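Open the structure in your viewer and keep the selection tool ready. We will go stop by stop.

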Amino acid sequence: MGIDYYNILKVSRNASEEDLKRSYKRLAMKWHPDKNNQNKKEAEAKFKQISEAYDVLSDVQKRQIYDLYGEDALKSGQFASPTSTGSGSGNGRGFRFDTRDAEDIFAEFFGGSDGYSSSSGVGIDKKAAPVENKLPCSLEELYKGSKRKMKISRILLDDSGKPTTVEEVLAIHIKPGWKKGTKITFPEKGNYEHGAAPGDLVFVIEEKPHAVFKRDGNDLVINQKISLLDALTGKTIGLTTLDERKLTIPITEVVKPGQELIIPNEGMPISKERGNKGNLKIKFDIRFPSRLSADQKSDLRRVLCRSID
């Protein structure tokens, strides 16, 4: 028989005109080339098949010949339908097969390919509401970048047009430097709604609190406790970065209360400036002794009296 037009339209052999229209609308919306930029060639081929199948099955004469003799006979023009005049016995006066343009058929339902809208309100450009999910990320992931696999479930239409829940695994690539609120969108991976294309699935980055560092835009901030003695005499600080490097930072100047030490290019990666990073800000928290003896106070006065303004 050649091509199975009933199977292409996902209808039974006794499908009514309404069954054909309903199935064509659903499949045409799914496979229109303008909606399938990533697999345009495959979509174009399927769209033409769907249109040809509807053209044949929705036309009484074409459908009768197809049901009796098959696709090859229909397109050969050697046979006429039983309801038409003439013998239909292959005498050269059979039915002439002309296929309609796929976009012309589409335009009858949706008003043309520019806008995909019709007076009935059914439109291929209408999309279901997006589905948003939070994606908690550690500061290490946002510093180094990471890959995740997320298992999702969503509602789609099966081949018979009934809503069904399907599961799918999506790969999410988290880029270094992404911030809280960054959105990762998977087009049309959301749920189906009647008369609309599936909505988008959106993951929104959330930043988990970190035990050591706090993020401030592209900068990283750390609160470093230091004794009064070290603040006055100096100290070497050791830090482990988010990518597990060891930093050795010498403090050689007197540290004043509220003072910050800035280490350039040791902050968060800047996602839009490859190779660049923010700064690391070290905020000092000077711990003062709770009490001093009279002798200690006297010694401090003697040592510091000449250096204090």
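The tour below starts with the whole chain and then moves through helices, cores and sheets.

**The whole chain**

Keep in mind that this is a predicted model. Colour by secondary structure to begin. The protein chain has nine helices and 11 strands. Of its 309 residues, 37% are buried. Now think about contacts between residues at least 6 apart in sequence: 54% of them join residues at least 24 apart.

**Stop 1: helix α3**

Select residues 40–57, which make up helix α3. Within helix α3, pick out Glu-44. Is Glu-44 buried or exposed, or something in between? Its relative accessible area is 35%, so Glu-44 counts as partly exposed. Next, add Asp-34 to the selection. Asp-34 and Glu-44 are separated by 10 residues in sequence and by 9.1 Å in space, C-alpha to C-alpha.

**Stop 2: helix α4**

Move on to residues 60–69, helix α4. Which residues of α4 are buried? They are Lys-62, Arg-63, Ile-65 and Tyr-66. Turn the view to look down the axis of α4. The buried residues fall within an arc of 165 degrees, so they line one face of the helix. Show the surroundings too. The buried residues of α4 pack against α1 (5–9), α2 (17–31), α3 and α5 (71–76).

Now check both ends. At the N-terminal end, select Asp-59, which caps α4. One of its side-chain oxygens lies 3.1 Å from the backbone nitrogen of Gln-61. Just after α4 comes Gly-70, with a positive phi of about 100 degrees.

**Stop 3: the nonpolar cores**

Switch to side chains. The largest nonpolar core has 33 residues. Show the ones with the most contacts inside it: Leu-135, Ile-184, Phe-203, Leu-239, Ile-249, Leu-280 and Ile-282. Which strand gives the most to this core? Strand β11, residues 280–287, contributes four residues. Apart from this core lies another one, of 26 residues. Trp-31, Ile-65, Tyr-66 and Phe-109 are among them. Two of those names, Ile-65 and Tyr-66, appeared among the buried residues of α4.

Go back to Phe-203 and display its contacts. Leaving aside neighbours within four places in sequence, Phe-203 is in contact with residues including Leu-135, Met-150, Ile-152, Leu-170, Ile-172 and Ile-184. Asn-133, Thr-182 and Lys-183 are also on its contact list.

**Stop 4: the three-stranded sheet**

Return to the cartoon view. Three strands form an open sheet in the order β1-β5-β4, with mixed pairing. The edge strands are β1 (131–137) and β4 (183–186), each pairing on one side only. Neighbouring strands here are turned by 25 degrees against each other on average, direction ignored.

Zoom in on β4 and β5 (residues 201–207). They run antiparallel and are joined by four bridges. Select Phe-186 and look for its bridge partner in β5: that is Leu-201.

**Stop 5: the hairpin of β8 and β9**

Select residues 235–240 for β8 and 246–251 for β9. The two strands run antiparallel, joined by six bridges. Gly-238 has Thr-248 in β9 as its bridge partner. Five residues lie between the strands of this hairpin. In the turn, Glu-244 has a positive phi of about 70 degrees.

Now show the side chains of β9; they alternate along the strand. Leu-247, Ile-249 and Ile-251 point to one face and are buried. Lys-246, Thr-248 and Pro-250 point to the other face and are not buried.

**Stop 6: the four-stranded sheet**

Finish with the open sheet ordered β6-β7-β11-β10, whose pairing is mixed. At its edges stand β6 (214–216) and β10 (260–263). Each has a single partner strand, so one side of each is left without a neighbour in the sheet. On average, neighbouring strands of this sheet are turned by 35 degrees against each other, direction ignored. β10 and β11 pair in the antiparallel sense over four bridges. Ile-263 stands opposite Leu-280 in β11.

Last pick: Lys-281, also in strand β11. Why does Lys-281 count as buried? Its relative accessibility is 19%, and the cut-off for buried is under 20%. Its side chain makes a polar contact with the side chain of Asp-219, at 3.5 Å. Beyond residues up to four places away in sequence, Lys-281 touches several others, including Asp-216, Leu-220, Val-221, Ile-222 and Glu-260.

Note on methods
Residues are numbered from 1 along each chain as its sequence is written. This is a predicted model: local features need pLDDT of at least 70, side-chain atom pairs count only at pLDDT 80 or more; totals for chains, interfaces and linings use all residues. Side-chain values use heavy atoms; hydrogens and water are left out. Buried means under 20% relative accessible area, exposed over 50%, partly exposed in between (1.4 Å probe, protein chains only). The arc is that of the directions from the helix axis to the C-beta atoms. Contact means heavy atoms within 4.5 Å. A polar contact is a pair of N or O atoms within 3.5 Å; within protein, one must be able to donate a hydrogen and the other to accept it, and residues adjacent in sequence count only if both atoms are side-chain atoms. A nonpolar core is a set of buried Ala, Val, Leu, Ile, Met, Phe, Trp, Tyr and Cys residues joined through side-chain atoms within 4.5 Å. Two strands pair if DSSP finds at least two bridges between them. Axes are lines fitted to C-alpha atoms, for helices over the stretch in contact, and angles run from 0 to 180 degrees between N-to-C directions.
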